[in-house]
Amino acid sequence: MKQKFRLLIFVLAALRLAAPPAFAAEKASRPSPAPDFSLKDAAGQVHTLAEFKGRVLVVDFWASWCGPCKTSFPALDALQEEFQGEGLQVLAINVDENAKDAHAFLAGRTPSLTVLFDSKGKSPLDFKVEGMPSSFLIDREGNLRFQHMGFNAKSKAEFRQQISLLLKEGSPHAQQ
């Protein structure tokens, strides 16, 4: 099952790379509730989607074997640091089958984003992940609002713009 999931992600990513753009951002036609999850962090603490209600979330799926993830991970960590005081939380969900691979990727890093682990691959299936990395922006009410597949030089600016929009929507200082 795990190898089939990894193969499926690889094949879908290869197909998407054959069709431009290499980075795709889509706005959800209608906000819909984000899939729930129950995943552990490195310390073994369980986290669920519900505990983050009231915050804007970036849920990013990554793997140690994913080349673009090596660029997106530090970029998303920087966005976490930049916007955490305004209500942003970045959740980086690792989908490596072997936890040792994920820990090797994280060695020497002290990310401020929250790293969760899903070696069974249930949450990427629930989110309908088609390639790596894939990110989903979720509003303060728990609704999917934007999704991204891939990462390139323009990605961080687009993330920043969409995060700012979602933070303003739910901010007590937002204009009504």
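## Helix H2 and its surroundings

**Task.** Identify which residues of helix H2 are buried, and compare the expected span of H2 with the distance between its end C-alpha atoms.

**Solution.** The buried residues of H2 are Cys69, Ser72, Phe73, Ala75, Leu76, Asp77, Leu79, Gln80 and Phe83. Buried means under 20% relative accessible area, exposed means over 50%, and partly exposed lies in between (1.4 Å probe, protein chains only). An α-helix has 3.6 residues a turn, so residues three or four places apart point the same way. For the span, take 1.5 Å times one less than the number of residues. The 15 residues of H2 should therefore span 21 Å, and the end C-alpha atoms, 20 Å apart, agree with this.

The model is predicted: local features need pLDDT of at least 70, side-chain atom pairs count only at pLDDT 80 or more, and totals for chains, interfaces and linings use all residues. Residues are numbered from 1 along each chain as its sequence is written, and side-chain values use heavy atoms, with hydrogens and water left out.

**Task.** Locate Ser112 and state which residues it contacts beyond four places in sequence.

**Solution.** Ser112 lies in the loop between H3 and S6. Its relative accessibility is 28%, so Ser112 counts as partly exposed. Contact means heavy atoms within 4.5 Å. On that basis Ser112 is in contact with Asp77, Gln80 and Glu81. Asp77 is 35 residues away along the chain, yet the two C-alpha atoms are separated by 6.1 Å.

## Strand S2

**Task.** Which strands pair with S2, and which residues stand opposite Lys40?

**Solution.** Helices (H or I, at least four residues) and strands (E, at least two) are DSSP runs numbered from the N terminus; two strands pair if DSSP finds at least two bridges between them. S2 (residues 38-41) pairs with S3 (residues 46-48) in the antiparallel sense over three bridges. S2 also runs antiparallel to S6 (residues 114-117), joined by two bridges. Lys40 stands opposite Val46 in S3 and opposite Phe117 in S6. The S2–S3 connection is a hairpin with four residues between the strands, and Gly44 in the turn has a positive phi of about 90 degrees. Side chains alternate along S2: Leu39 and Asp41 point to one face and are buried, whereas Ser38 and Lys40 point to the other and are not.

## Core and Asn94

**Task.** Name the residues of the largest nonpolar core that touch the most other members, and describe the surroundings of Asn94.

**Solution.** A nonpolar core is a set of buried Ala, Val, Leu, Ile, Met, Phe, Trp, Tyr and Cys residues joined through side-chain atoms within 4.5 Å. The largest one has 45 residues, and Phe61, Trp62, Phe127 and Ile163 touch the most other members. Elements giving two or more residues to this core include S4 (56-62), S5 (88-94) and H5 (155-170). Asn94 is in S5 and is buried, with a relative accessible area of 1%. Beyond four places in sequence, Asn94 touches Trp62, Ala63, Ser64, Ala102, Leu116, Phe117, Asp118 and Ser119.

## Confidence

**Task.** Which elements have the lowest and highest mean pLDDT?

**Solution.** pLDDT is the predictor's confidence in each residue, from 0 to 100. H1 (residues 2-18) has the lowest mean, 45, and S5 the highest, 98. Over residues 10-24 pLDDT stays under 50. The chain averages 85, and 80% of the residues score at least 70.
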